[in-house]
Amino acid sequence: MTARLRKMLEDLRDAFWLIPAALVALGFILAIGMLAFDKEGTYPGSLLDESWLYSGGPTGARALLGAIASSTITVAGTVFSITIAALTLAAGQMGPRLLRNFTRDRGNQLVLGVFLGTFVYSLLVLRGVRSESEGEFIPHLSVSVSIALALICVGALVWFVDHMAGRINVDTVVSLVSRELQDTLRRLAQEEEGPAAPPERFWRDATPVRDERSGYLLQLDESALADWAAANGTAIRLLKRPGDAVFPGVPIALALPRVEGVERAIRHATAIGSHRTTSADVELAVRQLVEVALRALSPGVNDPFTAISVLDTLGATLSELVPLYLPGGTIEREGRPVLVIDTVDYDGLVDAMLLAIRQSAASNPPVLIRMLEIITEVAAAERSPERWRTLARHADLVLEDAERTIAAPADLEDVRRRHRKVREAMQQTDRRPAAEISKP
């Protein structure tokens, strides 16, 4: 149930309509309240003599409110139509999956909500204005509030144009996705290494647990599922991790031994959705960054500096991961493994970060050189031999691609020199021969 609640909160967080709808409702309530306040007439009449408070007649009030209502809804429609066009162009350069970062942006939602809330407020106040033949009623204070809201809309429009001009900048998008990746890693990573997973032979007699749902595994309540397994004397191995696709009728887990109610327990502890999110899926945020780099390296764009910017971001993420451990995925109760989850390890994470970029930049010396420089810096900070072997493997792959595709001797020598620095960084840190470090 916790997994489903987290999924619902995540959906609400991603929903574009929630804040605009709330501000529309606020505009409705404010209009009703201000009209009631005006009808009571409890404010001093001397306020009408002040220049900042509306003191005209019903005709002027109707004209003013009509102008505010029509202009706010028109400007809102025009501005956001232009925004959609700009985002369409940005999607071609950075990838359509990154548009989610624009739709979930709180600033965009607030601006739309301010315009629509002002429109609803002005429309309802306009409805309350009465001429002399209708029993004159001029809500002076309500009309004045509408003018103030119109001025706020002007400020929101200026801010929105500046905000969107910065948001469609590729460096800003890379920074936003990088922040999501780092937040996810900080939330999932551990300061101490978790218990080791049981060997494969442990699951030799396990029974598959099938799931009839379809979609992506978005949320998982590990504690609740582990508690259930411990209470029922079984061990569960989930074959899917957050972000993996779940197919109907395909095993989602193994149970040893199989007990009654295990299917229901897994359904209650997991949440399935139609698209992946970065809240518990490290690889998705990595793939979004890699997609920006791949599009930048495509022949139609040919922008290696954007790819280098992405590599810098990925290098910073690996550096933050140096003192931390990725979750092992094994949960024990009373010293016995009760839940094992297939999780992404360091080797798989670095593969997701570097493989596709290296393959697309095989004949691009600046990108290959920067990749080796980042590997050197991360290797110099690392203390784990297993992680060194992963980094050394990728450095060797970069050198192999360079020797196969780079024709200029000077460029190839630059790559070789950076590759030697990777080995030197590992030797200086470990005080062992580089050949020994690279052994599996």
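Axes are lines fitted to C-alpha atoms, for helices over the stretch in contact, and angles between them run from 0 to 180 degrees between N-to-C directions. The structure described here is a predicted model.

On this basis, helix α5, formed by residues 106-128, packs against helix α6, formed by residues 140-167, at an angle of about 160 degrees. The axes of the two helices lie 9 Å apart. Angles over 145 degrees count as roughly antiparallel, and α5 and α6 are therefore roughly antiparallel to each other. Their crossing is left-handed. In the contact of α5 with α6, 16 residues are nonpolar and seven are polar, while no charged residue takes part.

A second element of the model is an open sheet. Strands of a sheet pair through backbone hydrogen bonds, in either a parallel or an antiparallel manner. Here, five strands are arranged in the order β1-β5-β3-β8-β7, and the pairing is mixed. Strands β1 (207-211) and β7 (330-333) form the edges, each of them pairing on one side only. On average, neighbouring strands of this sheet are turned by 25 degrees against each other, with direction ignored.

At the β1 edge, the neighbouring strand is β5, which comprises residues 250-256. Strands β1 and β5 run antiparallel and are joined by five bridges. One residue pair in this arrangement is T207 with its bridge partner A255 in β5.

Two helices pack on the sheet. Helix α8 (residues 222-231) touches β3 (235-238), β7 and β8 (336-341). The direction of α8 makes about 140 degrees with that of β8. Helix α9 (residues 262-269) also packs on the sheet, where it touches β1, β3 and β5. The direction of α9 makes about 50 degrees with that of β1. Strand β3 is thus touched by α8 and by α9.

Strand β2 spans residues 215-220. Five of its six residues are buried, so β2 is largely enclosed by the rest of the structure; buried here means under 20% relative accessible area. Strand β2 is joined to two other strands, β4 and β6. With β4 (residues 245-246), β2 runs antiparallel and shares two bridges; in this pairing, G215 has V246 of β4 as its bridge partner. With β6 (residues 270-273), β2 likewise runs antiparallel, here through four bridges. The bridge partner of L217 in β6 is I272.

Definitions and conventions: Residues numbered from 1 in each chain as written. Predicted model: local features only at pLDDT ≥ 70, side-chain atom pairs only at ≥ 80, totals over all residues. Heavy atoms only, no water. Pairing = 2+ DSSP bridges. Contact = heavy atoms within 4.5 Å. Parallel < 35°, antiparallel > 145°, perpendicular 65-115°, else oblique. Left-handed = near helix turned anticlockwise from the far one by under 90°. Nonpolar A, V, L, I, M, F, W, Y, C, P; charged D, E, K, R; others polar. Buried < 20%, exposed > 50% of the residue type's maximum accessible area, 1.4 Å probe, protein only.
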